[in-house]
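Student: I would like to take a close look at one part of this model, and to see afterwards how the rest of it is arranged around that part. Could you take me through it slowly?

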2 protein chains.
Amino acid sequence: MTQEQIATIYDVARTAEVSMATVSRVVNGNTNVKESTRQRVLDAIDQLNYRPNAIARGLASKRTTTIGVIIPTITNTYFSGIARGVDDIASMYQYDVIIANSDNDEDKELKIIESLLSKQVDGIIYLGKILSKKISKKLKEARVPVVLSGTLDHDNELASVNIDYKKAAYQTTVQLLKKNKRVAIVPSAMTELESKLRLEGYKQALKEAGIGFDKELVFEGNMTFEDGLALSKKMKKEKVQAAIVAYDVVAVGLLHGLLEQGITLPKDFEIVAGANSLLTLYCFPALTSVNQPLYDMGAIAMRMLTKLIHKEEVKENQIILEHEIVKRDSTK
Amino acid sequence: MTQEQIATIYDVARTAEVSMATVSRVVNGNTNVKESTRQRVLDAIDQLNYRPNAIARGLASKRTTTIGVIIPTITNTYFSGIARGVDDIASMYQYDVIIANSDNDEDKELKIIESLLSKQVDGIIYLGKILSKKISKKLKEARVPVVLSGTLDHDNELASVNIDYKKAAYQTTVQLLKKNKRVAIVPSAMTELESKLRLEGYKQALKEAGIGFDKELVFEGNMTFEDGLALSKKMKKEKVQAAIVAYDVVAVGLLHGLLEQGITLPKDFEIVAGANSLLTLYCFPALTSVNQPLYDMGAIAMRMLTKLIHKEEVKENQIILEHEIVKRDSTK
DNA sequence: TTGTAGGCGTTATCAC
DNA sequence: GTGATAACGCCTACAA
């Protein structure tokens, strides 16, 4: 065997003394092959160290067994938690995953989508949170299936996997109102549908508790650790006693800020984080958090994508997973 | 234009009334095209909404503008920090990135490598830390360039980007010995070359300080948050006063454990973390840390990979980046 | 059960 | 400058 020269299906066919078609059958697990010739082919494959060229296969079959994941940033434990679920199921189904960071930048997202489609991915998973009309349109026009995870579509057209954000916010608010009067809510950008739902749940709980809605207690647009740090001062000014924070990283920043001010949790302040990413566990005191099952959100999204790719029936394409509130040390 | 039917280069050629070759030239920025025909082609591309099929291109050109990244797990902020650097430079150079989680499992890594090669990636970046002989051999045999980041090769054959782990451990130890007698070191698995280097630096500092090496102060094999938690008790038993911890997540676990025991940092205990991933910033008190420039380690590795792919000259393939020790609140 | 041959959508090498 | 035309490596009817 001429080393260094990569063996093709043709080489295998020749050394096994069969046709390319037969080799292809063996490689692809087609059962209509006599056992003896199958063995001969396998031997040849082994001998030549043959590995099918996935690119050629993709061109011929129009399937690449590659999917794309659009993620704001991989360094955020919330998104990487979901991505990990996606990746595990993907590899279980033999898909490779192209991950692209978008930084929530619409132009970048557009480019990424173009690039993924030009690479003929079999499907796309979008974790962007902020799904603009433009991106939504683009995704709907794509000739491959798309599943959102941790992201809502305004008209529920795209398949998605989420938790019930409204309910989660409602429950959290109810709980915090038991021991506090001034409970703040910290949604991320209000362009996220999720933020609107959270706010609805928050308001509902207030109403049922007979407490008036005070818009000074809504601290919107906070998405980073630094935002959280800065929040601690603003909250002091507003005499806030407890906070519901959508982004874990913001909650941790807030915690930091409070601790720096010498405030003791949960005695003088309560925090409930929104996603239960690993961060909530790593800080001290560990944060009570709504448990978004990140891994599952990714895994189930990916599983759904495989079904859509294979045109299997999907009963419900708007999946809502159960959440719970994990009690840790930032609440009484 | 017949909607739903994806336009090929042939369609463009026909509507622009040129040959495929010319379209290809225009698409690939070849200058040998008359301006008027170029415009005609661009119009046709626009009209037909043509996007080149990267798979077909890959088959014909033998380049896929896709690279593979092998990562233990994306949810660890150390690795995602590096991966983010890789991704940014990759997208700058128009490469897509296939990320595959290996969980440090050799069999998985082997499969991943096979899969990446079959997908004809143009190069591979390996972030695995523990580079086994088998994997190392496999990577060296690959027909595409490979760059390690945050990982050392036993014989320095594979290109790599790292910091000077020995020096970092030495400096850290020197510093901690100023105010402490019993300074522990917490390397990860001793199968990592990095761990050996760290230990060397540690020993050197001890020697220079005239302090005997006590192997009870080496807590090896700790790699998770839970490991760190458990460490806090073991360290108490050994009357440890300060610890140098390779993995940030372990350092955070240790911090947690100490705080739970009511120990005050840095007064009663000092910690220096090893990587300066975001985690060290998020905990309270924030951890003093050796600053491994994670983003740069990824970015530079990727940049080097592009050079290797294009067969450009690379002067030095064992790159050592500068580190520093970022003073935060876990040291005096 | 196995082989033949025509794509798949590009790029690249020649000619013209 | 531009156009044919053969690869690229595999899949998939269709035949046999």
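Student: Which helices of chain A and chain B each supply at least two residues of the surface near DNA strand D?

Tutor: Before answering, please keep in mind that this is a predicted model, in which local features need pLDDT of at least 70 and side-chain atom pairs count only at pLDDT 80 or more, while totals for chains, interfaces and linings use all residues. Residues are numbered from 1 along each chain as its sequence is written, and chains are lettered from A, with ligands numbered from 1, in the order in which they are written.

The helices you ask about are α2 (20-27) and α4 (54-61) of chain A, together with α2 (20-27) and α4 of chain B; helices (H or I, at least four residues) and strands (E, at least two) are DSSP runs, numbered from the N terminus. Among these, α4(A) gives the most to the surface near DNA strand D, with 5 residues. There are 25 residues around DNA strand D, of which A:T8, A:I9, A:A60, B:S19 and B:A21 come nearest; a residue is near a strand if its C-beta atom, placed from the backbone, lies within 6 Å of it. By kind, this surface divides into 14 nonpolar, 9 polar and 2 charged residues, where Ala, Val, Leu, Ile, Met, Phe, Trp, Tyr, Cys and Pro count as nonpolar, Asp, Glu, Lys and Arg as charged, and the others, Gly among them, as polar.

DNA strand C can be described in a similar way. Around DNA strand C there are 26 residues, and those that come nearest are A:A21, B:I9, B:N53, B:A56 and B:A60. Here α2 and α4 of chain A, with α1 (9-16), α2 and α4 of chain B, each supply at least two residues, and α4(B) gives the most, with 5 residues. The surface near DNA strand C is made up of 15 nonpolar, 9 polar and 2 charged residues.

We can now turn to how the two chains are related. Chain B can be laid on chain A with an RMSD of 0.1 Å by a turn of 180 degrees and a shift of 0.0 Å along the axis, the copies being superposed by least squares on the C-alpha atoms of residues with pLDDT of at least 70 in both. That is the relation of a two-fold axis. In chain B, the C-alpha of B:I98 is the one nearest the axis, 2.1 Å from it.

The chains also touch: 40 residues of chain B are in contact with 39 residues of chain A, two residues being in contact if their C-beta atoms, placed from the backbone, lie within 7 Å. On the side of chain B that touches chain A, at least two residues come from each of α4 (54-61), α5 (77-92), β2 (96-101), α6 (106-118), α11 (248-260) and α12 (278-282) of chain B, so α4(B), which you met beside DNA strand C, appears here as well. This side holds 21 nonpolar, 13 polar and 6 charged residues. Of the interface residues of chain B, 98% are also interface residues in chain A, so the copies meet through the same surface.

Finally, consider the sheet in chain B. It is an open sheet of 5 strands in the order β6-β7-β8-β9-β11 (chain B), with mixed pairing; two strands pair if DSSP finds at least two bridges between them. Because β6 (183-186) and β11 (324-326) of chain B stand at the edges with a single partner strand each, one side of each is left without a neighbour in the sheet. Within the sheet, β7 (residues 242-245) and β8 (residues 270-273) of chain B run parallel and are joined by 4 bridges, with B:A242 opposite B:E270 in β8(B). Helix α8(B) packs on the sheet, touching β6, β7, β8, β9 (288-291) and β11 of chain B, and its direction makes about 170 degrees with that of β7(B); axes are lines fitted to C-alpha atoms, for helices over the stretch in contact, and angles run from 0 to 180 degrees between N-to-C directions.
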